[in-house]
Every structure is written in structure tokens, then in C-alpha cells.
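User: Got a minute to go through this one with me? I'd like to talk about how the pieces pack.

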Amino acid sequence: MEDVITLAHGSGGVQTNKLINNIFKKHFDNPYLTADDAAVLDVAAGKVAMSTDGFIVSPYEFAGGNIGKLSICGTVNDIACMGAEPKYLTCAMVIEEGFPVAKLDEIAAAMAKTAKEAGVYLVAGDTKVAGKGQVDKIFITTTGFGSIIEGAKTSGAFAKPGDKIIVTGDIGRHGCTILLARNEFKIDADVTSDCAPLNKNVKAMLDVTKDIHVIRDATRGGVGTVLYEIAGESNVGISLDQESIPVADGVRGVCGMLGLEPLYLACEGRLVVFAPASEADSILEALRACPNSEGACIIGEVTEENKGKVVVNTAVGAKTMLSRPSGELLPRIC
């Protein structure tokens, strides 16, 4: 097989068939993977959740993962946040002519490994090859499907005064990792993306209580943007305890040097959870027993005051409004 992707790999002929068999079928093979025009799947009765997401991260490799791993985590987590168990994924790839075949193999391997970790099947897909310069190396779109867990009902519109706000670990690591990987600021820091599938963490929470109002994954815009979205959707206020917000030392150091707010840096393996105070301890216990959420903690609560706003209670006892960022802080992070 050639060392790089050529336009012939997207033509539907012999080279396309070799690409599918030597890379995608090799890594993705499972009972549901189809060579036909569409996969035929087993579907349980009841409500389902579906989501689709495109990934154009630059660079496509970073500390803690690559675009392949990210493409599985992103859609799995979106499905899980609706209280569903993800089961099937499809993927579409647009690959730039000249992209190294060995790197494509690594990306496919990462997708397969992450799908196995999440317990989902990659069942169908599509590959297109774009001319040199028409695409920046590789773009991936994944679509996911999963069944709603009985009794689960979550939405950004369901937050209620008195709810505790939980994050499942330290924040801002993915955005910081991508920033460092671009090496535009020549900063050397030990920061690794938090990129991870979190559907089993959601299932663990819902196994102990269905009384969870909101689950969101804090991707573009980070935790701060998620909180403002929920405050607006539910018409409530949000009060944060600044000292309780977990930020890794490396991320804190980079943010200090560049004047960035960790609350607005993307995560790819962190959930924001709103639940009644009476359920918070059991939720924390469940999360802390799962990989990728051992550092779960309460960072604030929902209030009736300051509707639509996020207020931060500082270490010196002052209250300050969390400023909303304008423009794009860091493009192409996912």
C-alpha cells in the first residue's frame, strides 16, 4: 500500500477497497460493521438519543490523544449527557491528499481502542479524499445513537434553585494542551488532554439516582460557557466558589502567563452536573469510584438571584460577575 493518501484512495476503486480493508476494517471489525450502504442494527424499544459532531482539531495529534480518539469521545459523551447509553457510531472522514497512511492507521487504531473502552460499535462510515490544500490534513465527523436509560431525564432547562453544581475533575486541560501543542507561545508545561469517554461515569451516577437535572460535557467554551448556557436555559442564577474550582498546576501556570480564564478553556473529559443537594454526596461517591472522574467535586450551587448570570465568590469574600468572553479564544480545539 502507498505511503501517503492519494486521490485514487477516494475514487471508489481498488485503492479505496484496499484502504477500507487494510485500515478501517482491520481496526473497526465487529458484528455490526457493514460493507453495504447502511448498517442494520438491533434497537431496543423506547426513547433514543442521537447526535453528530465534526472534528477539525489542529494539530491532529496532541498530548493525551489524537483526532481519532477525540471523535469517539466527543459523540459518546454528547449521547451520554442526555441520560442515554451510547451503542452505535458512524464516522465520515475527509482526508487531504498526501496525508501519511501510517498516521491514518494510528488514528483508526485510536478510534477502535476508544470505542472498545466506551463499549460502542463503529458500524458504518464514509471516506473522501480532498485535493492538496482543500482540507487541513484530516477532518472526522461521527454520529452516535443510544437508548435513554429508563427514568433519566436531563436538559439544560431543568436546573433548579438549590441544585449543587458538580464537575468531574480539574478543568481546562484540553484547551491548554492544544494551545501548547501549537507552540505559538514557546511555553513548556506538563499538561495532557483530559480526552476520555464518560458514558460509564454517567451510567454510574444514574445507577444511584435518577434525580439528576442537568449533565453537560464542557467542550468548546469550557465550564464557564456551559454554566452561562444553563443559567439562560433554566432562568436561574449560578453561584461559584472560586477556591473549590479544580485547576491543575500546569494549566493554572499557563493561564497566569497568558491572562486566560481556566473556566473558559475547553475540556474533553469533564462533565458538569446539576442535581439536588440531597443527591450530591451519592453522586460524588459514584463518580469518584470511576476512572476519569476521581477528582469530582462541588463547585457551586443554583440560586434564584442574578438570573442568567454566573457569580464567583472569591477567596477574599468578594462577589464578582464572571465575564463572558467575546470572539474565539482558541479556534479548532475539537
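**Helix packing, sheet and rings**

Analyst: Sure. Helix 5 and helix 8 cross in a right-handed way. Keep in mind that this is a predicted model.

User: At what angle do helix 5 and helix 8 pack, and how far apart are their axes?

Analyst: The angle is about 145 degrees, and the axes are 9 Å apart. Helix 5 covers residues 199-208 and helix 8 covers residues 277-288.

User: Which residues meet there, helix 5 against helix 8?

Analyst: From helix 5 you get Asn201, Ala204, Met205 and Val208. On the helix 8 side they meet Ser282, Ile283, Ala286 and Leu287. By type, the contact of helix 5 with helix 8 has 6 nonpolar residues, 2 polar and no charged.

User: OK, other end of the chain. How do helix 1 and helix 3 pack, angle-wise?

Analyst: Helix 1 (residues 14-28) packs on helix 3 (residues 101-118) at about 25 degrees, with the axes 8 Å apart. Because of that angle, helix 1 is roughly parallel to helix 3. Their crossing is right-handed.

User: Which residues make that contact?

Analyst: Helix 1 puts in Leu19, Asn22, Ile23, Phe24, Lys26, His27 and Phe28. Helix 3 answers with Val101, Leu104, Asp105, Ala108, Ala109, Met111 and Ala112. The contact of helix 1 with helix 3 divides into 10 nonpolar, 2 polar and 2 charged residues.

User: Speaking of rings, how many aromatic pairs are there in the whole structure?

Analyst: A search of the whole structure turns up 6 aromatic pairs. One of them is phenylalanine 24 with phenylalanine 28, a stacked pair at 5.9 Å centre to centre, with 25 degrees between the planes.

User: And where do phenylalanine 24 and phenylalanine 28 sit relative to each other in helix 1?

Analyst: They are 4 residues apart in helix 1, so about one helical turn separates phenylalanine 24 from phenylalanine 28.

User: Switching to the sheet: what's the strand order, and is it open or closed?

Analyst: It's an open sheet of 4 strands in the order 1-6-4-5, with mixed pairing. At the edges are strand 1 (48-55) and strand 5 (121-130), each pairing on one side only. From one strand to the next, the twist averages 15 degrees.

User: Do strand 1 and strand 6 run parallel or antiparallel, and over how many bridges?

Analyst: Strand 1 pairs with strand 6 (residues 138-148) in the antiparallel sense, over 8 bridges.

User: What stands opposite serine 51?

Analyst: That would be glycine 144, in strand 6.

Notes. Residues numbered from 1 in each chain as written. Predicted model: local features only at pLDDT ≥ 70, side-chain atom pairs only at ≥ 80, totals over all residues. Heavy atoms only, no water. Axes fitted to C-alpha atoms, helices over the stretch in contact; angles between N-to-C directions. Helix = DSSP H or I, 4+ residues; strand = E, 2+ residues; numbered from the N terminus. Left-handed = near helix turned anticlockwise from the far one by under 90°. Contact = heavy atoms within 4.5 Å. Nonpolar A, V, L, I, M, F, W, Y, C, P; charged D, E, K, R; others polar. Pairing = 2+ DSSP bridges. Parallel < 35°, antiparallel > 145°, perpendicular 65-115°, else oblique. Phe/Tyr/Trp six-rings, centres within 6.5 Å; stacked < 30°, edge-to-face > 60°.
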